[in-house]
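Here's a walk through a protein model, starting with a small detail and working outward. Have a look at the structure first, then read on.

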Amino acid sequence: MSSAILSVVAGERVPDPVRTTPSTNPANTADVVGTIGVAGPDVFVQAARAAREAQAGWAALPAPQRGQVIANVGRLMTANKDRLAALVTREIGKPLAEALGEVQEIIDTCDFFIGEGRRLYGQTVPSEMPDKQLFTFRRPVGAVAVISAGNFPVAVPSWYIVPALLCGNTVVWKPAEYSAVVSDAFYQIFAHSGVPAGVFNLVYADGPDTFAGLEQALAAGLIDKVGFTGSSEVGSRIGELCGRHLQTPCLELGGKNPMVITEDADLDLAVEGALFSGFGTAGQRCTSLGTVIVQESVHDEFVRRFSAAVASAAMGDPTQDVLFGPLLDEKFAAGFEKSLGWIAAHHTVIGATGRVSADSPRDGFVGDPAAGLFYHPVIVDGVRSDDELFLNETFGPVVGITSYTTLDEAIALGNKSGYGLSSSIYTTDPNKAFRFAQGISAGMVSVNNSTSGAEAHLPFGGNGKSGNGSRQSGIWVLDQFTRWQSLNWDYSGKLQKAQMDTVTV
Ligand code: UN1
């Protein structure tokens, strides 16, 4: 119990967790990565209070100096990149090359926002009256709650925490339990970078207790903004709760991301893209490929090449050079098994389904199949547009394929799930690419690249069930973590009345 990893409020570890829980390595479930002390809703509220109390002091530090703190975070992340990536691989089973890329994503995010500390521009605006000047300023929103998923335990929280801090906000962060050890390392890097106590607080709590704590903190006026990455179902509950307190959260939710392949596409390139975004990260990205929508004249050839590529891809031990490793944890494995049950009952699958085991081995498997949560890659051809598999996110290594006749039909199919996060088209015809980008309802469109792997300084976010229209990353996220204040300054020495004293010519 004493060695459990505990929540941190105002720089102090919070003793007496309500329970402890192990976080295990999904590639070898006997390997306990750490034991987490899980707190109740009261700790969430305490953390929100600490964040509220620390906020004015933090906001008083000039933005370029807050930028220097972010620069320290970037430097420490760089110095610890290999160790942190290895921990990501151990705790959530992400292949090492991807884990290194994920740590690079926070470094890139820091790089971007260091400079923003010296910009954070407002505007000067002409007044309609003489001897008067108008200005706009970005002001911090206040105390921010960040509730993040564990499939990107470093990159995704950084998209909220780095800009929120830079803008002068304080943070309460509730990471996922299954990536809690990585979260502790993440927290410690911030604490050693000059982020003062109370400015960044870490709470380990389960879903219901987080929700209860958030509800109390919002009711007590302690939280001004919520950032959430996770399922559309939970996102909609968070949106409802925030709405009751007249708040607009930043929601980054699920996806069922389509990839259209036209008759003129470079099929080998498309196969590579489908392989990476369909099965990379074991299909557990919000930007993972959901359905390939391929023009009927190249359908058979695509299926042939794609199946061959999937069959020969290496998978298994994520410390090795593999396309994908295990699922994130038991809960995700159980969820994926449900989808597999449904798929098996309704579809003919190309290749094997289910857990990889000694009884169902797989060519190219690296490691001990019995040790971890390893699943066969699943391809389902002939998915209909009213199939559950076509409409719902599966969050596992499965890719559906369907075919189309005209590009308009492909775009309509791409929009049918009601999600709208990422999308992609493989084509050599620029007209088709632009028509696709215009017609697809998605926050992100790739041309001749996969649905996943967005760069860290472009707007990230989705339409429809994928979010509430908010965008993260780059300058666009500043609108999440600041509010515009207008200032009008009259130096005429008399009372000038807008509209009434304005002379129209
Ligand atoms: C997620 O899965 O929530 O664009 C984020 C990508 C990554 C981030 C995914 N940079 O695929």
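Which residue in strand 21 is the bridge partner of S424? It's S446. Keep in mind that this is a predicted model, so everything here describes a prediction.

**Two strands side by side**

That bridge belongs to a bigger pairing: strand 20, which covers residues 422-426, runs parallel to strand 21, and four bridges link the two. Strand 21 itself takes in residues 444-447, and its side chains alternate. M444 and S446 point to one face and are buried, while V445 and V447 point to the other face and aren't buried. So what about S446? Besides being the partner of S424, S446 sits on the buried face of its strand.

**The annotated active site**

Now move to E252, which UniProt marks as "active site" in an unreviewed entry. You'll find E252 in strand 11, made of residues 250-252. Is E252 buried or exposed? E252 counts as buried because 28 other C-beta atoms lie within 10 Å, and 20 or more is enough. Setting aside neighbours within four places in sequence, E252 touches T229, C286, G461, G467 and Q472.

**Around the ligand**

Two of those names come up again: T229 and C286 are among the residues that surround the ligand. The others around the ligand are N151, F152, A155, V156, R285, T287, S452, G453 and A454. Sorted by class, this shell has five nonpolar residues, five polar ones and one charged one.

**The whole chain**

Zooming out, the protein chain holds 15 helices and 23 strands. A few overall values fit in a table:

| Property of the protein chain | Value |
|---|---|
| Box filled by the C-alpha atoms, along the principal axes | roughly 85 × 70 × 40 Å |
| Share of the 505 residues that count as buried | 54% |
| Share of contacts with a separation of 6 or more that join residues 24 or more positions apart | 73% |

Why can we say the chain's radius of gyration agrees with that of a compact globule? With 505 residues, such a globule would have a radius of gyration near 23 Å, and the protein chain has 24 Å, so the two agree.

Finally, the unreviewed UniProt entry places the feature "domain: Aldehyde dehydrogenase" at residues 19-486. That span is 41% helix and 21% strand, and its end C-alpha atoms lie 48 Å apart.

Terms used: Residues numbered from 1 in each chain as written. Predicted model: local features only at pLDDT ≥ 70, side-chain atom pairs only at ≥ 80, totals over all residues. Near = placed C-beta within 6 Å. Nonpolar A, V, L, I, M, F, W, Y, C, P; charged D, E, K, R; others polar. UniProt positions renumbered as here; feature names shortened; annotations may be inferred. Buried ≥ 20, exposed ≤ 12 C-beta atoms within 10 Å, placed from the backbone. Contact = placed C-beta atoms within 7 Å. Rg over C-alpha atoms; globule rule 2.2 N^0.38 Å. Pairing = 2+ DSSP bridges.
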